[in-house]
Amino acid sequence: MLSARIAYCGIYCSPYCRPHLGKLLVAYTCAPVGSFLAATHHKKLSAMADSSKWTKQELRASKCGPCARCGGNAGDVPMTREQALEQMPSLCASWALVSQPGDNAEEQILKIERSFVTKNFVTAMDFLNKAAVIAEEEGHHPDFHLTNYRDIKVVVYTHTILGLHKNDFVLAAKLDAVPIVYSPKFLKDFPLTSAGIVEP
């Protein structure tokens, strides 16, 4: 069975993601069939059975809850790629769905990440400090990367289930509301950026 995936620069993302960056590439891969997939198929389908497409407003009004390994719903399993893609429009268009190989050859750990450039080091640290407060309040902590003194990458996923959960989208939507003084060149190069824009 063939499954189509949209890829840009080797990173799988949704068709609406970063359309201004250049040509999107379509890669077709043969989905493997095996006992591992058969065993997890129904659990993954049920993971989001009670959810619909969330809005930005709903996510920002929500609170991150405990997942399975932290005393939450014992049925929590990571979202499938299709389930995650369905929720991506609720976030700023600069978020991308990415994956990394898991311990099992057939397993992929899904994450959402967003990269941007601030005006200077002070504005970069201002974002990180405000984002850290939100992460503490939510009890859900992203991976922050600061390079070249003002280049920021935020990576969000649920470490305990090695994948994506509603909590990740709640946190990402709240981070989208943090004011950011972007580099003017970055905004020119990435005009679909909408998260936290303030005048420099």
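1. Which residues are buried in helix 4? In this predicted model, the buried residues of that helix are Thr123, Ala124, Phe127, Leu128, Ala131, Ile134, Ala135 and Glu138. Seen down the axis of helix 4, these buried residues fall within an arc of 135°, so they line one face of the helix. The general background is that an α-helix has 3.6 residues a turn, so residues three or four places apart point the same way.

2. The other side of helix 4 carries Val122, Glu136 and Glu137, which are exposed. As to its partners, the buried residues of helix 4 pack against strand 5 (108–117), strand 6, strand 7 and helix 5 (166–175), so that a reader tracing the packing should look at these elements together, given that contact here means heavy atoms within 4.5 Å.

3. The length of helix 4 can be checked against expectation: its 18 residues, 121–138, should span 26 Å at 1.5 Å a residue, and the end C-alpha atoms are in fact 26 Å apart, which agrees.

4. Glutamate 137, which lies in helix 4, deserves a separate remark. Its relative accessible area is 52%, and the residue therefore counts as exposed, the cut-off being over 50%. The C-alpha atom of glutamate 137 is separated by 9.1 Å from that of lysine 63, although the two residues are 74 residues apart along the chain.

5. For the chain as a whole, there are six helices and seven strands, and from the N terminus on the elements run β-β-β-α-α-α-β-β-α-β-β-α-α. Buried residues make up 39% of the 200 residues. Among contacts between residues at least 6 apart in sequence, 64% join residues at least 24 apart. The accessible surface comes to about 10700 Å², and 58% of that area belongs to carbon and sulfur atoms.

6. A nonpolar patch on the surface is formed by Phe121, Val122, Leu146 and Tyr149, whose accessible area together is about 410 Å². Val122 has already appeared among the exposed residues of helix 4, while Tyr149 is found in the loop between strand 6 (143–147) and strand 7 (151–156).

7. That loop between strand 6 and strand 7 also holds asparagine 148, whose phi is near 50°, a positive value in a residue other than glycine. With a relative accessible area of 57%, asparagine 148 is exposed. A second positive phi, near 55°, is found at leucine 162, again a residue other than glycine. Leucine 162 is placed in the loop between strand 7 and helix 5, and with a relative accessible area of 35% it is partly exposed. A colleague checking backbone geometry may wish to look at both residues, asparagine 148 and leucine 162.

8. Is serine 183 buried or exposed? Serine 183 sits in the loop between helix 5 and helix 6 (184–189), and its relative accessible area of 5% makes it buried, because the cut-off for that class is under 20%. Not counting residues up to four places away in sequence, serine 183 touches Val117, Thr118, Lys119 and Arg150.

Methods
Residues are numbered from 1 along each chain as its sequence is written. This is a predicted model: local features need pLDDT of at least 70, side-chain atom pairs count only at pLDDT 80 or more; totals for chains, interfaces and linings use all residues. Side-chain values use heavy atoms; hydrogens and water are left out. Patches are made of residues with over 30% relative accessible area and no salt bridge: like charges are joined within 9 Å, nonpolar side chains (Val, Leu, Ile, Met, Phe, Trp, Tyr) within 5 Å. Accessible areas come from the Shrake-Rupley method with a 1.4 Å probe; for residues, only the protein chains shown count as cover. A salt bridge is a side-chain nitrogen of Lys or Arg within 4 Å of a carboxyl oxygen of Asp or Glu. Helices (H or I, at least four residues) and strands (E, at least two) are DSSP runs, numbered from the N terminus. The expected span of a helix is 1.5 Å times one less than its number of residues. Buried means under 20% relative accessible area, exposed over 50%, partly exposed in between (1.4 Å probe, protein chains only). The arc is that of the directions from the helix axis to the C-beta atoms.
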